[in-house]
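User: Please choose a single part of this model and describe it closely, moving from one neighbour to the next. I should like to know what surrounds the bound molecules there, and where the backbone departs from the usual geometry.

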Amino acid sequence: MSETNVAIPDYSKNVTVIDHPMVQHKLTLLRDTTTGSKLFRDLIKELAIFLGYEATRHFQLEQVTVKTPICETTAYALKGRKVAIVPILRAGLGMVSGMLELIPVARVGHVGLYRDPDTHLPVEYYCKLPDDIMTRDVLIVDPMLATGGSASAAIELLREKGVPSDRIRLLVIIAAPEGIQAVVDADPQVNIYTCAIDECLNEHAYIVPGLGDAGDRIFGTK
Ligand code: PRP
Ligand code: URA
């Protein structure tokens, strides 16, 4: 097969990359190894808001009447389903405050998963979701989509609780092609929002170029 015949995966149906200049600038600061924990946390929060804007673009509006100081007029308000934000612990916690600024009435569920350092497979250690999770639009948040194991496990967990795939959205700051492929293979209906699709994974399943270990940089644990 000649090089031009090599199939390059087309993720465009499932993946939205936020190429806004402000997002790309903040992402560069986030990647920088000299960026300390305080700025790192602030940037994660700000990027979560940008991702949240895109991931809620499909929300429906209804007409309402509002009285301004000048007169009564017809305007628009959000209609319909309720929202749950589900951070994957621990690094996903860094995105919650930004998401709550955007959607203050959202409920927050928590899924605890860590990657086994040898197998790189996710290990579940905690799960607490709103009782009515199956009736909500769910926005899973986690800065990193590497092998896709953690995100796929979180999606599977939500589906087991009755959340339909087309109501689940995955918001990540950096995605590896391998992770996108794994999530899309596991559930072709899930939509992914990211600020960048990086090159690949290294031998430790870290994203290249990436930003290192998101949890450690948020919480200053290394
Ligand atoms: C990181 C990250 C994701 C996961 C991504 O968490 O926050 O949850 O790795 O990797 P994957 O796509 O290969 O599953 P980690 O397991 O390091 O835990 P932490 O958030 O507690 O640091
Ligand atoms: N988890 C991280 O925090 N960073 C990576 O690059 C991969 C997994």
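Analyst: His 120 is placed in the loop between strand 6 and strand 7 (helices, H or I, of at least four residues and strands, E, of at least two are DSSP runs numbered from the N terminus). The model is predicted, and local features need pLDDT of at least 70, side-chain atom pairs count only at pLDDT 80 or more, and totals for chains, interfaces and linings use all residues. Residues are numbered from 1 along each chain as its sequence is written, chains are lettered from A and ligands numbered from 1 in the order in which they are written, and side-chain values use heavy atoms, with hydrogens and water left out.

The phi angle of His 120 is near 65°, which is a positive value in a residue other than glycine. Most residues other than glycine have a negative phi.

The two strands joined by this loop also carry an aromatic pair. A search of the whole structure returns 1 such pair (ring centres of Phe, Tyr or Trp, the last by its six-membered ring, within 6.5 Å; stacked under 30 degrees between planes, edge-to-face over 60, tilted otherwise). Its members are Tyr 114 and Tyr 125, in a tilted arrangement with 6.0 Å from centre to centre and 40° between the planes. Because Tyr 114 belongs to strand 6 (residues 110–115) and Tyr 125 to strand 7 (residues 122–128), the pair ties together parts that are 11 residues apart in sequence. Tyr 114 counts as partly exposed, because its relative accessibility is 42% (buried is under 20%, exposed over 50%, partly exposed in between, with a 1.4 Å probe and protein chains only). Tyr 125, at 44% relative accessibility, is likewise partly exposed.

Arg 115 leads from here to the ligands. The charged end of Arg 115 sits over the ring of Tyr 206, at 5.4 Å from the ring centre (NZ of Lys or CZ of Arg within 6 Å of the centre and within 35 degrees of the ring normal). Arg 115 also belongs to the surroundings of ligand 1: of the 16 residues around that ligand, Arg 115, Asp 142, Thr 147, Gly 148 and Ser 150 come nearest (a residue is near if one of its heavy atoms lies within 4 Å).

Several atomic distances describe how ligand 1 is held in this model. A polar side-chain atom of Arg 115 is 2.7 Å from an oxygen atom of ligand 1. From the side chain of Ser 150, an N or O atom lies 2.6 Å from an oxygen atom of ligand 1. Ala 146 takes part through its backbone, where an N or O atom is 2.9 Å from an oxygen atom of the ligand. Of the 500 Å² of accessible area that ligand 1 has on its own, the protein covers 90% (Shrake-Rupley method, 1.4 Å probe).

Ligand 2 has Arg 115 and Ala 146 in its surroundings too, together with Met 144, Ala 205, Tyr 206, Ile 207, Gly 212, Asp 213 and Ala 214. Tyr 206, whose ring lies under the charged end of Arg 115, is thus named again beside ligand 2.

Backbone atoms supply the distances listed here for ligand 2. An N or O atom in the backbone of Ile 207 is 2.8 Å from an oxygen atom of ligand 2. A backbone N or O atom of Ala 214 is also 2.8 Å from an oxygen atom of the ligand. For Gly 212, a backbone N or O atom lies 2.8 Å from a nitrogen atom of ligand 2. The protein covers 89% of the 230 Å² of accessible area that ligand 2 has on its own.

Two backbone features complete this view. Ala 205, one of the residues around ligand 2, has phi near 65°, a positive value in a residue other than glycine. Ala 205 lies in the loop between strand 12 (200–201) and strand 13, and counts as buried because its relative accessibility is 5%. Further along the chain, the peptide bond joining Val 208 and Pro 209 is cis, with omega about 0°. Pro 209 is in the loop between strand 13 (207–208) and helix 6 (214–219). Most peptide bonds are trans.

Key: Polar contact = N/O pair within 3.5 Å; in protein donor to acceptor, adjacent residues only side chain to side chain.
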